[in-house]
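Here is a short set of exercises with worked solutions. Try each task with the model open before reading on.

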Amino acid sequence: MIKRVSKPEVSHNKLRLHSSEKTSPWNLIFPKFKEAIKDEDIRYYPNIKSSKAYSLLQNFYKSNNFLLGAGSDRCIKYFFELYQSKSKVITTDPNFPMYNVYADMYNMEKCLIPYTELKFPIEQVLENITEDSIVVISNPSSPIGDLITPVDILRILDSNIPVLIDEAYIEFANGSTALSLIEKRSNLYITRTFSKGLGSAGIRVGTIHSQEQNIKLLNQYRDMYEITGLSLKWIEVLLEHHYYIEEYINKVKDTKKFLLDKLKKKDIQHITSESNWVHIRGDFNIPENIELRKDCKILDLGNDWIRLCVSEDIEDYNWI
């Protein structure tokens, strides 16, 4: 039996600084979404490929070859399903836990390359690549939060084995997506999500991108209907007003800058990231209405860190 750990539910009435979600409402977009919903979005199975949302996704990602899924975790599973005949998956330790779940699901050996410092262990990854392996990594990494350089990505791709890069947090990073590499690299797959930088975790939408022939192979594993009609409608409304996405991301980056300055001035131990979180350590008087991820282990630096999601509002951090 494959081990799965269910996280405890957290009330939506709390300030959720534990889960890299958008903590403030889509005040200007949500009314447009409600106005756009039609009865047929609920009654009928969705027509995904011919929808306006699909063409907006093509423009947004500048990619024509992708498959939709109920969250990027489902898209990652597509990749594992396609390469389930491979014997080994190479990934980092720590990593996004679903990589381990899918490896166990398809009886793959897990080659977990440990972080020994706050930097992607490129040499160790390369040393463990074999012909019968796949590589699955996140960029920026989760939960360490470092950014893998384009040079290191190319070094991995040069191995010519299947490589999946999970770009869940790329919108917050001081770096760029690897989507432009797909045209020249047939062994590259990239997943993106609406949950983080697009602030829409509840609609459960992700995409996996690769060359056309690879997407055709992945298509055999797709769900009958990858996402719902309501999810399609939200994609349409959000991407038609994509400047609100940019505004949200910029506000998070501004808050993060403010927060890091505050931590430095108060001499509070902290570790920053290329994502929308920081790790902090210390004794804090945390209000009851705030949910945080406590007792986090950061390599050999201890297991008493707090992972703190960065929101749009600097007032959310008055307790620090």
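**Exercise 1: What covers helix α5?**

The cover over the buried residues of α5 includes α4, β3 (88–93), β4 (109–114), β5 (133–138) and β6. Contact here means heavy atoms within 4.5 Å, and helices (H or I, at least four residues) and strands (E, at least two) are DSSP runs, numbered from the N terminus. Before going further, a note on what you're looking at: this is a predicted model, where local features need pLDDT of at least 70 and side-chain atom pairs count only at pLDDT 80 or more, while totals for chains, interfaces and linings use all residues. Residues are numbered from 1 along each chain as its sequence is written, and side-chain values use heavy atoms, with hydrogens and water left out.

Task: find which residues of α5 are buried.

Solution. Start with the cut-offs: buried means under 20% relative accessible area, exposed over 50%, and partly exposed in between (1.4 Å probe, protein chains only). With those, the buried residues in α5 are Met-98, Tyr-99, Val-101, Tyr-102 and Ala-103. Next, step off the end of the helix: α5 is followed by Asn-107, whose phi is positive, near 55°.

**Exercise 2: A helix on the inside**

Task: decide whether helix α4 (residues 72–82) is largely enclosed or not, and say why.

Solution. Go through the helix residue by residue. The buried ones are Ser-72, Arg-74, Cys-75, Ile-76, Tyr-78, Phe-79, Phe-80, Glu-81 and Leu-82. That is nine of the 11 residues, so α4 is largely enclosed by the rest of the structure.

**Exercise 3: Rings that meet**

Task: search the whole structure for aromatic pairs, then describe the one between Phe-80 and Tyr-102.

Solution. First, the rule: rings of Phe, Tyr and Trp (its six-membered ring) pair if their centres lie within 6.5 Å; planes under 30 degrees apart count as stacked, over 60 as edge-to-face and the rest as tilted. The search turns up 17 aromatic pairs. In one of them, Phe-80 and Tyr-102 sit 5.7 Å centre to centre with 55° between the planes, which makes the pair tilted. Phe-80 belongs to helix α4 and Tyr-102 to helix α5 (residues 98–105), so the pair ties together parts that are 22 residues apart in sequence. Both rings come from buried residues: Phe-80 has 0% relative accessibility, and Tyr-102 has 5%.

Now try Tyr-169 and Trp-277: they form an edge-to-face pair, 4.8 Å centre to centre and 85° between the planes. This one links distant parts of the chain, 108 residues apart, with Tyr-169 in the loop between β6 (163–166) and β7 (188–193) and Trp-277 in strand β10 (residues 277–281). Tyr-169 counts as buried at 8% relative accessibility, and so does Trp-277 at 1%.

To finish, look for a cluster: Trp-26, Phe-30, Phe-33, Phe-172, Trp-234 and Tyr-248 form one.

**Exercise 4: A serine in a loop**

Task: is Ser-141 buried or exposed, and what is it in contact with?

Solution. Place the residue first: Ser-141 is in the loop between β5 and α7 (150–157). Its relative accessible area is 2%, so Ser-141 is buried. Leaving aside neighbours within four places in sequence, its contacts are Tyr-115, Asp-146, Ser-275 and Trp-277. Trp-277 should ring a bell from the edge-to-face pair above.

**Exercise 5: Backbone oddities**

Task: look for cis peptide bonds and for a positive phi in residues other than glycine.

Solution. Keep the background in mind: most residues other than glycine have a negative phi, and most peptide bonds are trans. Step one, the peptide bonds. The bond from Asp-93 to Pro-94 is cis, with omega near 10°, and Pro-94 lies in the loop between β3 and α5. Ser-142 and Pro-143 are also joined by a cis bond, with omega about 15°; Pro-143 is in the loop between β5 and α7.

Step two, phi. Ser-20 has a positive phi of about 55° and is in the loop between β1 (15–16) and α1 (30–36). Asn-107 has a positive phi near 55° and is in the loop between α5 and β4. Step three, accessibility: Ser-20 is buried, with a relative accessible area of 3%, whereas Asn-107 is exposed at 70%.
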